[in-house]
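Q: I would like to learn how to read a fold from its contacts, strands and pockets. Where do we start?

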Amino acid sequence: MFFFSYAVNHCMVAILHNIRSAHNVGSMFRTADAAGVERLYLCGITASPADMLGSARTMLEKTALGAEKSVPWKKCARTADCIRRLKADGYYICAVELADGAAPYYKADCLRNNTDKLAFIVGHEVDGLPKVLLDKCDTVVCIPMHGAKESLNVAVAFGIIAFEIAKNTIR
């Protein structure tokens, strides 16, 4: 049996913009736990682990498998406000989106060099991230595709980016 230790030498957080599927959000909680994401910012319509009355969201819990209890999270009404606050706190903001000028994620210095304070943002399953939010980010990266489809499931893309950031710190 092998044991891995996680040495944190950077601060990685993620912003989830208008993720409509509670299953996707639960999957991202589970991946965040595994990759060492320190906090999730649940913006817009993104489901939180508990509804407005404090009841657990069973669809989210089903895929999170308890990670919704181990990964700190904060609900934010407006994604733009969340980005502004994180930038004011010294975070470098990296959008993950298939957009003009986006760099392949594996070439992005901010992901490869363990930027001290990095926030990455993923968007709505169909609409992605709107230009108004992309313009607020410091950089935009994409995941190049070889097949006929133009994109991956948002939770899968989240995992690729989270582990790209974490790969130099997992021992």
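Q: Among contacts in the chain between residues at least 6 apart in sequence, what percentage join residues at least 24 apart?
A: First, the ground rules. This is a predicted model: local features need pLDDT of at least 70, side-chain atom pairs count only at pLDDT 80 or more, and totals for chains, interfaces and linings use all residues. Residues are numbered from 1 along each chain as its sequence is written, and side-chain values use heavy atoms, with hydrogens and water left out. Contact means heavy atoms within 4.5 Å. Here 82% of contacts between residues at least 6 apart join residues at least 24 apart.

Q: How many helices and strands are in the chain?
A: Both are DSSP runs, numbered from the N terminus: helices are H or I with at least four residues, strands are E with at least two. The chain has seven helices and seven strands. From the N terminus on, the elements run β-α-β-α-α-β-α-β-β-α-β-α-β-α.

Q: In what order do the strands form the sheet?
A: Strands of a sheet pair through backbone hydrogen bonds, either parallel or antiparallel. Two strands count as paired if DSSP finds at least two bridges between them. In this model, seven strands form an open sheet in the order 3-2-1-6-4-7-5, with parallel pairing. Strand 3 (73-76) and strand 5 (103-104) are the edge strands, and each pairs on one side only.

Q: Over how many bridges do strand 1 and strand 2 pair?
A: Strand 1 (residues 11-17) and strand 2 (residues 39-43) pair in the parallel sense over five bridges. Ile-15 has Tyr-41 in strand 2 as its bridge partner. For Val-13, the partner in strand 2 is Arg-39.

Q: Which strands do helix 1 and helix 4 touch or cross?
A: Axes are lines fitted to C-alpha atoms, for helices over the stretch in contact, and angles run from 0 to 180 degrees between N-to-C directions. Helix 1 (residues 22-35) packs on the sheet and touches strand 1, strand 2, strand 3 and strand 6 (117-122). The direction of helix 1 makes about 160° with that of strand 2. Helix 4 (residues 79-88) lies across strand 1, strand 2, strand 3, strand 4 (92-96) and strand 6. Helix 4 runs at about 165° to strand 1.

Q: Is strand 2 mostly covered or uncovered?
A: Use relative accessible area: buried is under 20%, exposed is over 50%, partly exposed is in between (1.4 Å probe, protein chains only). Four of the five residues of strand 2 are buried. For the chain, buried residues make up 47% of the 171 residues.

Q: What does Gly-44 touch?
A: Gly-44 is in the loop between strand 2 and helix 2. Not counting residues up to four places away in sequence, Gly-44 touches Asn-18, Lys-75, Cys-76, Ala-77 and Thr-79. Gly-44 is partly exposed, with a relative accessible area of 26%.

Q: Where is Asn-18?
A: Asn-18 is in the loop between strand 1 and helix 1. Its phi is near 50°, a positive value in a residue other than glycine.

Q: Is Leu-65 buried or exposed?
A: Leu-65 is exposed, with a relative accessible area of 58%. Leu-65 is in the loop between helix 2 (58-64) and helix 3 (67-70). The phi of Leu-65 is also positive, at about 50°.
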